[in-house]
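Subject: Structure handover

Hi,

Here is the structure I promised to pass on. Please open it first, then read my notes below.

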Amino acid sequence: MDIQNPGGILVRTAVPSDRTAIADIDTVAAAGDPDRRAAVRRWCEAGLVLVAEDPSGPLGYGVLEYTFFEQGFLTMLMVAGGARRRGVGSLLLGAAGAACTAPKLFTSTNVSNLPMQRLLQREQWQAVGLLHGLDEGDPELFFRCPPERTGTGGR
């Protein structure tokens, strides 16, 4: 999957050799978390990563899996600090929807993550639930992609 937007940002499926560059823009992995670096490697090797890039390199990435009740789940959406407010998150959400082969696509974010909540609201994702107990004191909000924006059209 390759999607090019007029701003020169390309969204494509990452390959295993992208793992280091992707981990370098991930704030958790870049801070030295070996578990996140290992996750990025696994995700890239499994072909689950959509990476947004321009000629300077990766700007952000998303991880699309099917482990959430056999529906699509955007496990991770990360935009590099210097690339925020440039539409990268919106491009990645759109690419995940287009790539999704399940009838439904979900994602989640902590209640404390207001920028992600604003992005999801701007992109018309619907809030569908709240889960306590994953991160103590910071419940997880779940959202669903508008059905017409998935690769299956919600079927």
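How many bridges join strand β5 to β6, and do these strands run parallel or antiparallel? Three bridges join them, and the two strands run parallel. Keep in mind that this is a predicted model.

Start with the β5–β6 pair. Strand β5 covers residues 71–79, and β6 covers residues 105–110. One pairing to look for is F73, whose bridge partner in β6 is F106. Between the two strands the chain passes through helix α4, residues 88–99. This β-α-β crossover is right-handed.

Now the other neighbour of β6. Strand β8, residues 140–144, pairs with β6 in the antiparallel sense. Five bridges hold that pairing in the model. Among the residues involved, T109 has L141 in β8 as its bridge partner.

Next, the burial of β6. Six of its six residues are buried. L105, T107 and T109 point one way from the strand. F106, S108 and N110 point the other way. In a regular strand the side chains alternate between the two faces of the sheet.

Then helix α4. The helix has twelve residues, which at 1.5 Å a residue should span 16 Å. Its end C-alpha atoms are 16 Å apart, so the expected span and the model agree. The buried residues of α4 are V88, G89, L92, L93, A95, A96 and G97.

Two single residues deserve a look.

R86 sits in the loop between β5 and α4. Is R86 buried or partly exposed? R86 is partly exposed, because its relative accessible area is 42%, and that class runs from 20% to 50%. Leaving aside residues up to four places away in sequence, R86 touches I9, D54 and L59. With D54 there is a polar contact, side chain to side chain, at 3.3 Å. R86 and E53 are 33 residues apart in sequence, and their C-alpha atoms are 12 Å apart in space.

T150 is in the segment after β8. T150 counts as buried because its relative accessible area is 7%, and the cut-off is under 20%. A polar atom of the T150 side chain lies 3.0 Å from the backbone oxygen of P147. Which residues does T150 touch, not counting those up to four places away in sequence? They are G97, A102, P103, L105 and C145. Two of these names came up above: G97 is among the buried residues of α4, and L105 belongs to β6.

Best wishes

How values were computed:
Residues are numbered from 1 along each chain as its sequence is written. This is a predicted model: local features need pLDDT of at least 70, side-chain atom pairs count only at pLDDT 80 or more; totals for chains, interfaces and linings use all residues. Side-chain values use heavy atoms; hydrogens and water are left out. Buried means under 20% relative accessible area, exposed over 50%, partly exposed in between (1.4 Å probe, protein chains only). Helices (H or I, at least four residues) and strands (E, at least two) are DSSP runs, numbered from the N terminus. Two strands pair if DSSP finds at least two bridges between them. A crossover is right-handed if, with the strands pointing away from the viewer, the path from the first strand over the helix to the second runs clockwise. The expected span of a helix is 1.5 Å times one less than its number of residues. Contact means heavy atoms within 4.5 Å. A polar contact is a pair of N or O atoms within 3.5 Å; within protein, one must be able to donate a hydrogen and the other to accept it, and residues adjacent in sequence count only if both atoms are side-chain atoms.
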